Each structure stands twice: as C-alpha cells, then as structure tokens.
Amino acid sequence: MTMKLAYWDIRGLAQPIRLLLEYTGTKYEDKFYVCGEAPNYDKSCWFDEKHKLGMDFPNLPYLEDKDKKLVQSNAIMRHIARKHNLCGETEEEKVRVDMLENQAMDFRNGFVLLCYGDFDNMKQGYLDRLPSILKQFSSFLGDKKWFAGDKITFVDFIMYELLDQHRMFHPSCLDDFRNLKDLLDHFEALERIAAYMKSDRFIRTPVNNKMAKWGYKKE
C-alpha cells in the first residue's frame, strides 16, 4: 500500500523523510500544501482540514501508513527506519543515533530561528558560531563513514539535509571539515538517492516557506 507524506511544498522538515522513503524504495505519494503570498501568507489550505484528519496531534509533516497516521518528523523517520533496520544495530550505534537525532534538531532549530527571524541582525553572529558547531559534528563523525558507524542510519539523512542547507547558505562553511564533505559525497552517490536527485520529483528549492528571510525562493 502506498504511503502518503503531507507537508508544505518546500524542503523543510519533510526533506529527510522523502530521502529516507526514496532510499528504502518505499512507495509513497507527496501531498503538498501551498502557503499564500505576502503579506498574509494564507495557510487556510491546511488549517481548514487540520482537525478533520483524525490525528492525535495534527501537524505537518504527517505520514499515512495504512491505518497509522503519524506526526512529528523524527517519529516519522524512526517509523520508516524501523522497517528497514536503520536505527542502529549495536548498543553503541543506537546511543550515537539517539544523541545525534536530538543534537541535529537543536542545530536545525537554531538555523530556523535565523531564517525566519531577525535575519540581517542575527546572520553574522550565526556565522561566527557556525564553525564551532560544525567542528562538534566533525569530531563526532571522526573517521567513520556514517555517523553511527559503518552502516547508514536515519540520522545520516537528517544530517545530510542540514549540512546541505548550510552549504547552500554559506558555500565555504564545510571547507575545513573534510569528513563532513565526504559524508555528503557518499550520501549523494547512493544509487537511489542519486536517481531521486536527478528526477523531477526532487525539491531543490525552496528550502523554507514564503515568510522566511532566507531560502524562500524557488530557483
């Protein structure tokens, strides 16, 4: 049965989920909600049906998988990953996955605050802090191929998206972190990922929604 993934017509929180669905060869369809233009950014397309979908905690993104309706992006990622043994196998791998899942969300939340907030006044401070943040991820990865070890796990999909967004935001930000750049290269070389990125289904832009100060343009 085909799953349904619903989100705004942007990368945002749904992009790692799309990448994971593609990598696992899961049949799914995208349902896109479209935010209105400035100045009101009308979201009635979502709010008009939000509480009619029979979900415990109505939110975007959501995933329909047979009789299950899931929200919260990391819960969705784990749901898919469990089906394909992509949550880590050893105790050490599972601990690394658990830590990085949450650390990545902190990283993402900080970037979202910049992109949707007082961008012009916050940008330089964010850029000043970014190398130390990336250094932590680089040290955590070390000489491993993937963040948990030799085998890819769902957190690699989350981190790929975050690092790629930052590479778009500040192209030279990864220049001092060879292992992070290698991880992006390894990820993009995965057969199903490479095919997806070449397809017309792949969303390269926009990264964020229309009210953001960065990443809102469709290019």
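This section describes the helices, nonpolar core, salt bridges, cysteines and backbone features of a predicted model. Residues are numbered from 1 along each chain as its sequence is written, and side-chain values use heavy atoms, with hydrogens and water left out. In this predicted model, local features need pLDDT of at least 70 and side-chain atom pairs count only at pLDDT 80 or more, whereas totals for chains, interfaces and linings use all residues.

Helices and strands are DSSP runs numbered from the N terminus (helices: H or I, at least four residues; strands: E, at least two). Helix α4 has 26 residues, and the distance from its first C-alpha to its last is 37 Å, close to the 38 Å expected at 1.5 Å a residue. The expected span of a helix is taken as 1.5 Å times one less than its number of residues. Buried denotes under 20% relative accessible area, exposed over 50%, and partly exposed in between (1.4 Å probe, protein chains only). The buried residues of α4 are E93, R96, V97, L100, E101, A104, F107, R108, F111, L114 and C115. Elements that cover them include α3, α5 and α6.

For helix α7 (residues 178-189), 12 residues should span 16 Å, and the end C-alpha atoms are indeed 16 Å apart. Its buried residues are N179, L180, L183, L184 and F187. These residues cover an arc of only 145° around the axis, and therefore lie on the same side of α7; the arc is that of the directions from the helix axis to the C-beta atoms. The buried residues of α7 pack against α1 (15-23), α5 (119-141), α6 (154-169) and α8.

In soluble globular proteins, nonpolar side chains tend to be buried together. A nonpolar core is defined here as a set of buried Ala, Val, Leu, Ile, Met, Phe, Trp, Tyr and Cys residues joined through side-chain atoms within 4.5 Å. The largest such core has 69 residues, and those with the most contacts inside it are L19, Y62, L134, F154, L180 and F187. Helix α6 provides the largest share of this core, nine residues. With neighbours within four places in sequence left aside, F154 is in contact (heavy atoms within 4.5 Å) with L20, M77, R78, A81, L86, C87, V97 and E101. On the same basis, N74 is in contact with E101, M105 and I158. N74 is found in helix α3 and counts as buried at 16% relative accessibility.

A salt bridge is a side-chain nitrogen of Lys or Arg within 4 Å of a carboxyl oxygen of Asp or Glu; the count comes to 15. R78 forms one with D98, the closest N and O atoms being 2.5 Å apart. D98 lies in helix α4 (residues 91-116) and R78 in helix α3 (residues 73-83), so this pair ties together parts 20 residues apart in sequence. D98 is partly exposed, with a relative accessible area of 37%. R78 also meets E101 in a salt bridge (2.8 Å, N to O). Because E101 lies in α4 and R78 in α3, the pair connects parts that are 23 residues apart in sequence. E101 is buried, with a relative accessible area of 9%.

A further salt bridge joins the side chains of E37 and K210 (3.0 Å, N to O). This pair links distant parts of the chain, 173 residues apart: E37 is in the loop between β2 (28-33) and α2 (44-47), and K210 is in the segment after α8 (191-198). E37 is exposed at 57% relative accessible area, whereas K210 is partly exposed at 24%. In addition, R11, E161, D164, R167 and E188 are linked in a network of salt bridges.

The count of disulfides (pairs of cysteine sulfur atoms within 2.5 Å) comes to zero. For C35, the nearest cysteine sulfur is that of C45, 7.5 Å away; C35 is buried, with a relative accessible area of 1%. For C115, the nearest is that of C173, 12 Å away, and C115 is likewise buried at 1%.

Several backbone features occur in loops. The peptide bond from A38 to P39 is cis, with omega near 5°, and P39 lies in the loop between β2 and α2. A cis peptide bond also joins L60 and P61, with omega about 0°; P61 is in the loop between α2 and β3 (62-65). K66, a residue other than glycine, has a positive phi near 55°. K66 lies in the loop between β3 and β4 (68-71) and is exposed at 62% relative accessible area. Q72 has a positive phi of about 75° although it is not a glycine. Q72 lies in the loop between β4 and α3 and is partly exposed at 49%.
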